[in-house]
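Here are my notes for you, written as numbered points. Keep the viewer open while you read and click on each residue as it comes up.

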Amino acid sequence: MTITVVGSTMMDIVFLTEHYPRRGDTVFGNEIRYSPGGKGANQATACAKLGAETNFIGCVGNDSFGRTLLRKLRSNHVNIEFMKTVNDTGTGTAQVTVDSTAENTILVIKGANECLSIEDIQACEDQISKSNILLVQMEIPEEVMLYAMKTAQRHGVTVILDPAPADGIRISALRYADIIVPNQQEAKALTHIEVNNIPSAIEAAIYLHEQYGIAKSIIKMGAHGSLVYEDGECVHIRGVSVHAVDTVGAGDCYAGALAYALAKGQPLPDAAKFASIVSALKVTKHGAQDGIPTMDEVKAFCLARNLTLDI
């Protein structure tokens, strides 16, 4: 079972505060943390910490942030053989503000992530072709993302697209995805439908199918759980109630857990249920990557909550 992730690597500079400053205001925060992040790196870490053989294709700068991020990936058993380091551009950075409700706002400077090239993907084609799943997001150049997806499609590899962040959505990628996993904001950006309940999620999923040909999707609805759509059939997956302390990276953890479960041969609704459990546990801990649980932690969580874990 092998998963290849193509995507971004960031150093998250995280500010913890009781409430966000309004425009023009200054407020006092509680703490600052430097935390490894980036959608691609987070998703690769989730796959690897759960136990999948995971390859990550991305780019960092030749600087202290880049070296720290590579060490962190390696320590989490992610294969970084295909990572690229550049000298003329700094490692991607994200300014993250987390308030007392655990919600976050993020400002991203892509940095070295913009230096990932089609040639880098071509050099990894053999590895992609041997993977069960290719997992991609939208914090890298569009042409690189598209080439990776086309490569996987050509070799019959299942492509999961996390169309995030909403500001980076590229409609051109949808035709090469087997499964997409938008949250409410991303679903609205794709469909112009305000997703706030199950009926509106169903409406959005049908729109994605009819307008873009996406027969399999999962609309993530936060506390309302998720809506799994598969070839016209819908299943609602209830969310797992927890006390959240940090939602940064929760969606990435979900995508990685989903990829892991699908690579293990789970049906899409079962894989979505597993991803919901894993991401719920993640938000009880700080750090986009540090908060991602191992499989042993997931099993213990399910045992304590009397949750069924069929994987």
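The points below go through the annotated positions, a few other residues, the salt bridges and a surface patch.

1. Before anything else, remember that what you're looking at is a predicted model. The values in these notes were computed from that model.

2. Let's start with the position that has a label. In an unreviewed entry, UniProt lists Asp252 under "active site". You'll find Asp252 in helix H8, which covers residues 250-263. Is Asp252 buried or exposed? Asp252 has a relative accessible area of 4%, and the cut-off for buried is under 20%, so Asp252 counts as buried.

3. Now look at what surrounds Asp252. Setting aside neighbours within four places in sequence, Asp252 is in contact with Lys39, Asn42, Gln43, Ala46 and Asp162. With Gln43 there is also a polar contact, side chain to side chain, at 3.3 Å. Try selecting those two side chains together.

4. Asp252 turns up under a second label too. The "binding site" positions that UniProt lists, again from an unreviewed entry, are Asn183, Lys220, Met221, Gly222, Ala223, His224, Gly225, Gly251 and Asp252. I picked two of them for a closer look.

5. The first pick is Lys220, which is found in strand E12 (residues 216-220). With 11% relative accessibility, Lys220 counts as buried. Which residues does Lys220 contact, leaving aside its neighbours within four places in sequence? They are Asp162, Val181, Pro182, Asn183, Gln184, Gly225, Ser226, Gly251 and Tyr254. Asp162 may ring a bell, as it is also among the contacts of Asp252.

6. The second pick is Gly225, found in the loop between E12 and strand E13 (226-230). Gly225 is buried as well, at a relative accessible area of 7%. Apart from neighbours within four places in sequence, Gly225 touches Ile219, Lys220, His236, Ile237, Arg238 and Gly239.

7. Away from the labelled positions, have a look at Val60 in strand E5 (residues 59-61). Val60 is buried, with just 1% relative accessible area. Not counting neighbours within four places in sequence, Val60 is in contact with Thr9, Gly66, Leu70, Met83, Lys84, Thr85, Val86, Thr91 and Ala112. If you'd like to practise with the distance tool, go from Val60 to Leu135: they are 75 residues apart along the chain, and their C-alpha atoms are separated by 19 Å.

8. Loop residues can be buried too, and Thr17 is one to check. Thr17 sits in the loop between strand E2 (10-16) and strand E3 (31-37), yet at 7% relative accessibility it counts as buried. Leaving out residues up to four places away in sequence, Thr17 touches Val27, Phe28, Gly29, Asn30, Thr97, Val98, Asp99 and Ser100.

9. On to charges. How many salt bridges are there? The count comes to 11. One of them pairs Glu31 with Arg33, and the closest N and O atoms are 2.8 Å apart. Both partners are partly exposed: Glu31 has a relative accessible area of 38% and Arg33 one of 27%.

10. Another salt bridge joins Asp290 and Lys72, with 2.7 Å between the closest N and O atoms. Asp290 lies in the loop between helix H9 (268-282) and helix H10 (295-305), while Lys72 is in helix H2 (residues 64-75), so this pair ties together parts that are 218 residues apart in sequence. Asp290 is partly exposed at 42%, and Lys72 is partly exposed at 24%.

11. A third salt bridge is formed by Arg170 and Glu142, where the closest N and O atoms are 3.8 Å apart. The pair links distant parts of the chain, 28 residues apart: Arg170 is in the loop between strand E10 (158-161) and strand E11 (179-180), and Glu142 is in helix H5 (residues 142-154). Arg170 counts as partly exposed at 32% relative accessibility, and so does Glu142 at 31%.

12. Last point: the surface. Which residues make the nonpolar surface patch of about 300 Å²? They are Phe15, Ile32 and Tyr34. Of these, Ile32 is found in strand E3 and is partly exposed, with a relative accessible area of 42%.

Terms used: Residues are numbered from 1 along each chain as its sequence is written. This is a predicted model: local features need pLDDT of at least 70, side-chain atom pairs count only at pLDDT 80 or more; totals for chains, interfaces and linings use all residues. Side-chain values use heavy atoms; hydrogens and water are left out. Helices (H or I, at least four residues) and strands (E, at least two) are DSSP runs, numbered from the N terminus. Buried means under 20% relative accessible area, exposed over 50%, partly exposed in between (1.4 Å probe, protein chains only). Contact means heavy atoms within 4.5 Å. A salt bridge is a side-chain nitrogen of Lys or Arg within 4 Å of a carboxyl oxygen of Asp or Glu. UniProt positions are given in the numbering used here, feature names are shortened, and annotations may be inferred rather than shown by experiment. A polar contact is a pair of N or O atoms within 3.5 Å; within protein, one must be able to donate a hydrogen and the other to accept it, and residues adjacent in sequence count only if both atoms are side-chain atoms. Patches are made of residues with over 30% relative accessible area and no salt bridge: like charges are joined within 9 Å, nonpolar side chains (Val, Leu, Ile, Met, Phe, Trp, Tyr) within 5 Å. Accessible areas come from the Shrake-Rupley method with a 1.4 Å probe; for residues, only the protein chains shown count as cover.
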